[in-house]
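Dear colleague,

I am handing over a structure that you have not worked with before, and I would be glad if you could look it over before reading my notes. What I found in it follows below.

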Amino acid sequence: MNIRCLLLFVLAFLGRFGSTWAMSPVSDADSIFHSYFDRAIAFANSYPREKAYLHLDNTSYYVGDTIWFKAYVTLAEHTTPSPISKPLYVELLDQSGYVAQKHIVKLNNGEGCGQLILDKSFMSGFYEIRAYTRWMLAFDQPNYFSRVLPIYQSEQGEHPKQIVTNYDLNKSMNKRLEGAKGKLAIQFFPEGGSLVEGITSRVAFKVESKEDKEVQLFGTVVDKLGNELAKLETQRDGMGIFSYTPTAGKDVALTKVNYKGKEYSFPLPTALSAGYVMSVYDAAGGLFVSVSCNSITPEDDIAVFISKDGRPYVYKAFRSPKNDPLGFLIRTRDFPGGVYQITLLNKSGETLCERFCFVQPKDKLLMSVSGTQGVYLPYKPIQCEVQVTDKQGKPVRGTFSVAIRDAVRSDYAEYDNNLFTDMLLTSDLKGYIHQPGYYFTDITTQKLRELDLVMMIHGWRKYDMSSIIANEPPHLLQKVETDLWLDGQIKSSVLKKEKENLDMIITVKEDEDFVIGKTKTGEHGRFSIPIADFEGIREAIFQTSSPTAKIRTDRSVFIDRNFSPIPRRYASQEWYPQRMNKDIWTSMADRADSLYLDSISKDGEHQYLLDEVEITRKRKEDNLTTDVFEKSVDAYYYVAQMVDELRDKGKDVFTINEFMDMVNPDFTWNRTTDGSEYKNRRIRYIMNNHILSPIERKMMETEIDGIEKIVICEGGKAFNDYIIGNSKSLSNESSGSPFLFAKEDDGSTNVSDLDTYIAIYIIPLPYKDLMNKSMRAARGTRRTFIQGYTRPLEFYASAYDDLIPDTPSQYNRRTLYWDPSVETNEDGKAIINCYNEQYSNPIVIQVDMLKGGLIGHITYLSANVE
């Protein structure tokens with residue numbers, strides 16, 4: 001009888017008696033494990049965790065677009081709105097790991113909304129958007145929302161090209177963790193955590209390559225003599241599993257695989273001479289757990305704990321098995337859905353084995369969309385009805401977020417992330433999970449096995465049971481933020497001695513008025529200041545004084561606001577996103593466009609009038625258009641943000657030379673002459689389409705606080721593309737001569753000499769942010785800007801009312817409709833009305849909802865409507 005048949009027999013037998021255990025409890029040890037259970041419960045009650053999810057209006061963007069989002073923050077255990085945190089930090093990181101934008105969203109009952117405006121200074125690339133509260137970063141294993149989005153070069157034409165520029169950036173730019181370095185890499189994950197000599201184990205593996213998004217390969221496991229011990233084969237997304245029995249006294253076994261005509265060998269993990277192996281098998285409504293050990297493993301009292309998000313649901317104590325494996329069934333029908341942690345502990349509280357499994361939720365919100373048509377003609381109205389019910393078909397009243405997109409001109413990823421997959425699956429796993437929705441669409445036995453494989457590979461010890469039951473409070477890295485706070489520390493500037501019992505006055509500029517507050521430094525010179533709710537960015541001045549000092553001494557003000565997580569590495573699928581082929585949708589749209597153009601050409605008199613455009617608040621128009629030719633970029637820096645971070649750490653930086661000397665090793669600064677070079681080449685500074693003269697350059701070099709961003713480019717191509725194209729406006733018109741650089745000490749430089757230069761583009765801050773440009777301050781004083789909540793804007797929606805504009809819409813949006821808060825009526829229904837833009841297309845409707853701990857989601861394609 002094979003193991004699967006035996007398992008089914010055991011499950012059928014034990015299922016008759018509920019959660020029956022296939023061994024006798026050990027009463028003398030049970031009290032110890034019961035105390036561990038109680039401690040874990042107390043820990044879960046004292047330190048509840050949070051999860052975050054962002055519903056985005058689209059799956060990709062172009063430079064110039066706006067990213068609209070709805071934030072959901074819940075308690076980790078119950079997916080109910082979190083009452084813990086009020087500020088939510090939303091960041092947009094570029095592919096090098098630098099924070100391009102940071103916003104603070106004000107949460108109300110665990111929900112909030114906002115937007116990220118991708119102005120023309122953005123460069124194309126793969127950007128990471130992430131969201132977190134400070135409480136999510138308080139523990140050793142931080143947990144936060146993260147998604148990678150392509151941002152393409154500026155959109156042009158009916159079918160804009162999806163172009164992302166690859167940069168050959170300076171090595172000093174990369175802040176992200178690196179991925180697999182070799183051409184091929186395999187990671188092995190023995191079930192339960194370890195291999196043990198003489199015990200058969202299932203070993204999951206993950207194959208990655210820098211060249212391919214998904215690797216498919218075959219191989220074998222062999223011993224030292226080359227004898228085959230097992231076969232291996234990838235199943236999905238480079239994952240696979242095989243069974244293997246380590247033999248005592250033998251060398252480590254190898255896996256041999258052939259990839260693109262070349263043979264590779266990878267050693268398996270070393271097996272323990274003594275220890276435990278724990279196997280878990282998924283079954284309908286239950287989990288079957290099997291524990292084994294070899295003959296030389298000392299007898300001990302052990303217990304299996306089943307927990308979710310740090311809270312144990314059940315445990316079972318027993319004596320270690322001597323000969324045959326011991327197994328038992330855990331009934332999970334009444335458990336909340338999500339990822340469960342199965343931990344094998346001994347009496348000392350040491351973790352012996354660990355495994356992660358997924359329990360399907362027994363209940364969720366059901367959503368449906370009706371009233372759509374297959375393809376919508378230009379400027380025609382779109383109306384649809386969304387209905388929400390519970391599992392019993394009863395209507396659900398509440399609010400949901402919804403996005404309606406042009407299906408042809410938006411990327412569409414089948415089985416993409418959504419509120420359901422993020423809250424119940426990916427937020428509790430480590431690493432990138434490709435197409436998580438696949439595992440919950442038309443669930444089959446094969447998909448359940450593949451999902452279990454994901455658990456074996458991506459499960460991680462976010463909750464360390466050994467630490468939890470140690471009855472010691474955790475070392476918290478961050479605190480709960482129920483409101484905005486500003487924390488910091490005062491130290492002496494030279495010796496960095498902590499300054500306690502210092503008076504501090506904080507002056508904040510609010511419009512034309514000033515708000516003044518006062519506090520005193522405490523232990524270790526630390527201070528904590530509550531900040532009243534405000535929106536936007538305000539200037540603040542920190543002044544210190546001592547009641548015993550006769551004169552103001554030199555002190556540094558450190559501000560604790562740079563707690564962002566370390567940028568994670570990108571998976572290969574995130575560098576090379578796989579999108580669905582839309583040829584069928586494009587053909588449908590082209591046919592509709594042809595019929596549409598034919599119909600309006602026969603209409604002799606047609607009124608071309610835009611009836612109404614509803615805009616609550618227009619997006620900010622930039623007073624500076626910055627064109628940077630991306631292929632020539634060597635480095636770029638978000639100066640305003642990075643300078644504040646350096647000052648928060650106590651570093652003095654006030655000039656470009658000081659800043660560049662700190663962040664880029666290729667920048668050479670002669671402090672005696674104040675001259676500078678980059679990669680041993682001369683530098684020319686460009687700002688506002690103008691090459692700075694020596695006097696202008698000196699002014700900018702000595703005043704960095706007016707700069708928002710710096711972009712460094714190779715001289716020849718950058719100048720030729722950027723300057724020659726503007727030669728008419730930049731040339732010396734009075735003399736009629738071709739464009740020459742502004743005179744330097746070494747005289748004029750002709751265009752033919754461009755390759756000897758490095759171009760540094762200076763992008764200044766908007767004028768309104770330059771109230772007090774210099775951040776230089778007197779001793780014991782710190783001037784800076786503090787960030788408040790970001791005001792959410794309203795999505796603008798065009799209303800055409802069957803009237804066609806005489807010119808194409810200036811808002812050539814691919815997101816046709818976005819609303820973060822749509823209310824359903826007593827029948828659980830909501831009607832949505834909007835208009836298509838200037839091209840024919842099918843639409844994609846994506847809806848997310850959270851109500852009473854239940855999650856609802858639907859991704860609807862109108863192209864499927866016949």
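**Salt bridges and cysteines**

Glu208 is a buried residue, with a relative accessibility of 15%. Please keep in mind while reading that this is a predicted model. The side chain of Glu208 forms a salt bridge with that of Arg569, with 3.2 Å from N to O. Because Glu208 belongs to strand S10 (residues 201-209) while Arg569 sits in the loop between strand S31 (555-559) and helix H6 (572-575), this pair ties together parts that are 361 residues apart in sequence. Arg569, for its part, counts as partly exposed, at 30% relative accessibility.

The count of salt bridges in the model comes to 43, and two others may help you to find your way around.

One of them joins the side chains of Asp648 and Arg782, at 3.0 Å from N to O. Asp648 is found in helix H8 (residues 639-648) and Arg782 in strand S40 (residues 781-787), so that the pair ties together parts lying 134 residues apart in sequence. Both partners are buried, since Asp648 has a relative accessible area of 4% and Arg782 has a relative accessibility of 7%, where buried means under 20%.

The other joins the side chains of Arg526 and Asp560, at 4.0 Å from N to O. Here Arg526 lies in strand S29 (residues 526-530) and Asp560 in the loop between S31 and H6, so the parts that the pair ties together are 34 residues apart in sequence. Arg526 counts as partly exposed at 37% relative accessibility, and Asp560 likewise counts as partly exposed, at 30%. What network do Arg526 and Asp560 belong to? Through salt bridges that share partners, these two residues are joined with Arg134, Lys479, Glu481 and Asp487 into one network.

Turning to the cysteines, the structure holds 0 disulfides. Why is Cys384 in no disulfide? The nearest cysteine sulfur to that of Cys384 belongs to Cys834 and is 6.9 Å away, whereas a disulfide requires a pair of cysteine sulfur atoms within 2.5 Å, and therefore the pair does not qualify. Cys834 is in no disulfide either, the sulfur of Cys384 being the nearest cysteine sulfur to its own. Both cysteines are nevertheless buried, Cys384 with a relative accessible area of 2% and Cys834 with one of 4%.

With kind regards

Note on methods: Residues are numbered from 1 along each chain as its sequence is written. This is a predicted model: local features need pLDDT of at least 70, side-chain atom pairs count only at pLDDT 80 or more; totals for chains, interfaces and linings use all residues. Side-chain values use heavy atoms; hydrogens and water are left out. Helices (H or I, at least four residues) and strands (E, at least two) are DSSP runs, numbered from the N terminus. Buried means under 20% relative accessible area, exposed over 50%, partly exposed in between (1.4 Å probe, protein chains only).
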